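Here's a quick look at how two chains meet in a model. Have the sequence and the 3D view open as you read.

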Protein chains: 2
Amino acid sequence: MNFIKRFRVEPGASVDLEKIDPGFHGDFANDVEAKDELQRNLARITELQRTFYADRRHSLLIVLQGIDGAGKDGTCWHVISAMDPQGVQVTGFKQPTPEEQEHDFLWRVHPHAPQRGFISIFNRSHYEDVLVVRVHKLAPKDVWKARYDFINEWERLLAVENNTTIIKFFLYISKEEQLQRFKERLDDPAHQWKISASDYTERDKWDDYIKAFEAALSRCSTEYAPWYILPSNHKWFRNLAASTIIADTLEGLKLETPKPTVDIEEIRKLYHQAKEAGEKAR
Amino acid sequence: MNFIKRFRVEPGASVDLEKIDPGFHGDFANDVEAKDELQRNLARITELQRTFYADRRHSLLIVLQGIDGAGKDGTCWHVISAMDPQGVQVTGFKQPTPEEQEHDFLWRVHPHAPQRGFISIFNRSHYEDVLVVRVHKLAPKDVWKARYDFINEWERLLAVENNTTIIKFFLYISKEEQLQRFKERLDDPAHQWKISASDYTERDKWDDYIKAFEAALSRCSTEYAPWYILPSNHKWFRNLAASTIIADTLEGLKLETPKPTVDIEEIRKLYHQAKEAGEKAR
């Protein structure tokens, strides 16, 4: 299966999430069957990131969005485990601070755009400003409506100006799966401190969130910054899909390790001199 | 072996690196023997960090220093692999930018101090300003000499004001081991782009660097921000020592998962209501 083709939202397409099965898991029956493939992907990412970092011509932005419980944290940890931490930065976007609220919605996001050679991961992102803001009417309709274009233009800026490849994952789980995950939190004492009643009041707005996601997915999937809808009821399949798409995307960049800037044979001479000097000193 | 006691520079002690064996590897003969212990440490770190993040009363700063080739990147990757990336930030400090140079030497470092609940890892740090700066005479002697006190006071600020636990690792390798690692870079085409002739000219200043490290280790190991000298000729032993010290230090904090802020039984009712509503809808 070509994961990129299968899960990419075609630019201009109108997304209807009803037609997508969040429980989909492809040809693999379970996590045990998928394990080798997953390990291969992580090894590919490790190797590719090493070259990506050396190459220094590209940057990569990975955006993670999904309803509460969809697995943004888990996905983040999973894909990042394959990456040299020197070259990656994760930014979580929470409720804006008072200072952030006194700026345009892209102001707090822009400083975290990746520099060349680096990978940025956004756990939540500027899309919150057309999701929670829309659902909770935190801004007038004409304000959030104007934001889709601003987002597209800003993402294009990164792509054009800084050679940024952008991968946006919408982690799609069913309403039943979300409840199941809430149950697991309830039963795990180490997780109970995180629970709030708003988990359930937010859940009452499920349909509004789905509508807001559909709009964002439809209006902001572009050639230079496509959305991918990952069926995420099965965590292992979500990880498999995310890691495949990242590895395939990096592969598509035709990365190259730069040639040494020095004459390696000259350096080899320096090495031998140092070696001899060390032996004499002993 | 109590790693903390064994490798900690006692506050006020005068460090003589000649007396320390960078090839030391404790009771373990090799990496295979140490493997289980290492895995246990990583599992402990994962568990402890989870509580650390939830607890939100402490912050942790890990500083990595060492001569070129000592394994700062490798150590970083190794210990971080056990941590949820949400709660960790790695900052690499390279040569200061022109803007940074027009400020005091702590100006560029301070913004990266960890917030409560979080772990910051410094790959190189403010100590460069008493190391490379001293060796290369990039500042007059009275300027870098004054910095030891500034460093101690700044680290005390973090400890007192923000409950920051500070762990500083000096990764100690021998001059022969460094040369061996340079050789590996020479022989690995994927690494050749990183090589420069300055690796060898810096090596000529080995003794000056050792002296500068000894001064920093002697003058800046405090109760609230101790230095640890990790024998690092064996990468596996360095990883074992670093992970043990981090895990033991976190354990010493007596971390606690906060009590839920809500009545869990009330939330359980919400869960059952949602469950029933879901079943009716089907």
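## Charged and polar links

Let's start with one ion pair: Asp187(B) makes a salt bridge to Arg268(A), with 3.0 Å between the closest N and O atoms. Keep in mind that this is a predicted model. Between chain B and chain A the salt bridges come to four, and 10 residue pairs are in polar contact, both partners being at pLDDT 80 or more.

## Who does the touching

On chain B, the side that touches chain A draws at least two residues from each of α2 (31-55), α3 (72-80), β2 (88-92), α7 (175-187), α8 (198-203) and α11 (264-281). The top contributor to that side is α11(B), with seven residues. Sorted by class, the same side of chain B holds 25 nonpolar, 10 polar and 13 charged residues.

## How much gets buried

In contact terms, 48 residues of chain B meet 48 residues of chain A. The two chains bury about 4100 Å² between them, and 66% of that lies on carbon and sulfur atoms. Trp77(B), Trp193(B) and Tyr271(B) account for 18% of the area chain B buries against chain A, more than any other three residues.

## Symmetry

How does chain B map onto chain A? A 180° rotation with 0.0 Å of shift along its axis superposes them, at RMSD 0.0 Å. That's the relation of a two-fold axis. Within chain B, the residue closest to the rotation axis is Ser81(B), its C-alpha sitting 3.0 Å away.

The copies meet through the same surface, because 100% of the interface residues of chain B are interface residues in chain A too.

How values were computed. Residues are numbered from 1 along each chain as its sequence is written. Chains are lettered from A and ligands numbered from 1 in the order in which they are written. This is a predicted model: local features need pLDDT of at least 70, side-chain atom pairs count only at pLDDT 80 or more; totals for chains, interfaces and linings use all residues. Side-chain values use heavy atoms; hydrogens and water are left out. Contact means heavy atoms within 4.5 Å. Buried area is the accessible area (1.4 Å probe) that two parts lose on being put together, summed over both. A salt bridge is a side-chain nitrogen of Lys or Arg within 4 Å of a carboxyl oxygen of Asp or Glu. A polar contact is a pair of N or O atoms within 3.5 Å; within protein, one must be able to donate a hydrogen and the other to accept it, and residues adjacent in sequence count only if both atoms are side-chain atoms. Helices (H or I, at least four residues) and strands (E, at least two) are DSSP runs, numbered from the N terminus. Ala, Val, Leu, Ile, Met, Phe, Trp, Tyr, Cys and Pro count as nonpolar, Asp, Glu, Lys and Arg as charged, and the others, Gly among them, as polar. Copies are superposed by least squares on the C-alpha atoms of residues with pLDDT of at least 70 in both.
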